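Student: Please take me closely through the largest pocket, beginning with how its residues are sorted into classes.

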Amino acid sequence: MAAPRESEVVAPLSGATQALSDQERVSIYESINELCNPQTREAALLELSKKRESVSNLAPLLWHSFGVVSALLQEIMMVYPYINPPTLNAQQSNRVCNSLALLQCIASHPDTRTSFLSAHIPLYLYGFLHTQSKARPFEYLRLTSLGVVGALVKTDEPEVINFLLTTEIIPLCLRIMEHGSELSKTVSTFILQKILLDETGLSYICQTYERFSHVAMILGKMVLSLAKPRDQSARLLKHVVRCYLRLSDNPRAREALRQCLPDQLKDQTFASILKEDNSTRRWLQQLMKNLQDSNGGMLMNGDPQRM
C-alpha cells in the first residue's frame, strides 16, 4: 500500500496560523508528517512541542492529520513496560513528555477538546499518575500528565468535570497531594479545586461521608505539612484554602468541617503568608464566617459522620 502524500496526511492550516510565513508553514507540515515515521518522530516531537504556544491552530492541525494522534498514543504506550518496575530513564521521559505536551495542546483547544474527551485519551495518562518513584524522570512524567488534566479543568466546562468524575482522577490527585513534590501537589490540588468549583463535582464529593472524609483528611495533612517552616508554600496554601472554602458551601460538609478544620487555619500559623496574599486571606476569613454556628461561634465537638 502506498504511503499517503503529505497533503493527505496533514490537515490544512487555517485561521491565525495562516499568518505564518511560507517557510514556517512548510516546517510545521514537515514536522507533523515526520510524526508518522518512527525514525524521525523524536525530533519532530521536540520541534512541535516548542511551537505549541506560537502556533494557535496547532491543536486542530494535529488532531485532524492522518495518524498523528495514534503516533502520540503509541509513544505513551511504549513506556508502559518501564513504569513497573520503575526503569524509565531521562531520555525516555523527555520523549514521552513531548508527546504529552502536544496532547495538552489538543486538550486546551476549544475545537478539539470535546473529541479529545470522547476518545477517552486522558485514561492513557492515568498509569503515569499511579507511579510513586521519586526519581526525576518519573516526577517529570507525573507533572506533565497532570498538566494535561489541568488544561482540561482550566476551561471550567461541565463536560470536562462530568467526564473526570467517571474516572479515578480524584483518588489519584489525592495520592499525589499527600506524597508528591510541591509542584505536583500544587497542580493536583488545583485540579481538585476546579472539580469542587463545579456544582456536580461538589455534590459528588459530598455525596457520601467516605468521599468527603478522604478529601478532608488529605487537605488536613497538607495543612499540617505546610505549617512546617521549611515546607510553607503560599501557592499551595491558596489552593488548599480555596478547596476548604468551596466545601463549606455544602451544608453537610460545612457541618463536618466545624469539627475537623485544622487548628493551624484558625490561629496565626500562616500569618506571614496571609499578610502578603490578600485573596487567600479573604478566602480564609470567608471560610471562618461560613463555619460559624447560629450563635457566632465555631462548633468544636460533635460527630462528623453525621454527613
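Tutor: For the classes, Ala, Val, Leu, Ile, Met, Phe, Trp, Tyr, Cys and Pro count as nonpolar, Asp, Glu, Lys and Arg as charged, and the others, Gly among them, as polar. On that basis, the lining of the largest pocket holds seven polar, six nonpolar and two charged residues. The model is predicted, so local features need pLDDT of at least 70 and side-chain atom pairs pLDDT 80 or more, while totals for chains, interfaces and linings use all residues. Residues are numbered from 1 along each chain as its sequence is written, and side-chain values use heavy atoms, without hydrogens and water.

Now look inside: the largest pocket encloses about 260 Å³ (the space filled by probe spheres set on its grid points, joined across faces, edges and corners). A pocket here is an open set of points on a 1 Å grid over the protein atoms alone where a 1.4 Å probe fits, with protein on both sides within 12 Å along at least five of seven lines; lining residues have an atom within 4 Å of a point. Of the 15 residues that line the largest pocket, Gln104, Gly147, Gly150, Val187 and Phe190 lie nearest its centre.

Follow the walls next. Helix H9 (136–153) contributes the largest share of the lining, six residues. H6, helix H12 (182–197) and helix H15 (234–247) are also among the helices that each supply at least two (helices are DSSP runs of H or I, at least four residues, numbered from the N terminus).
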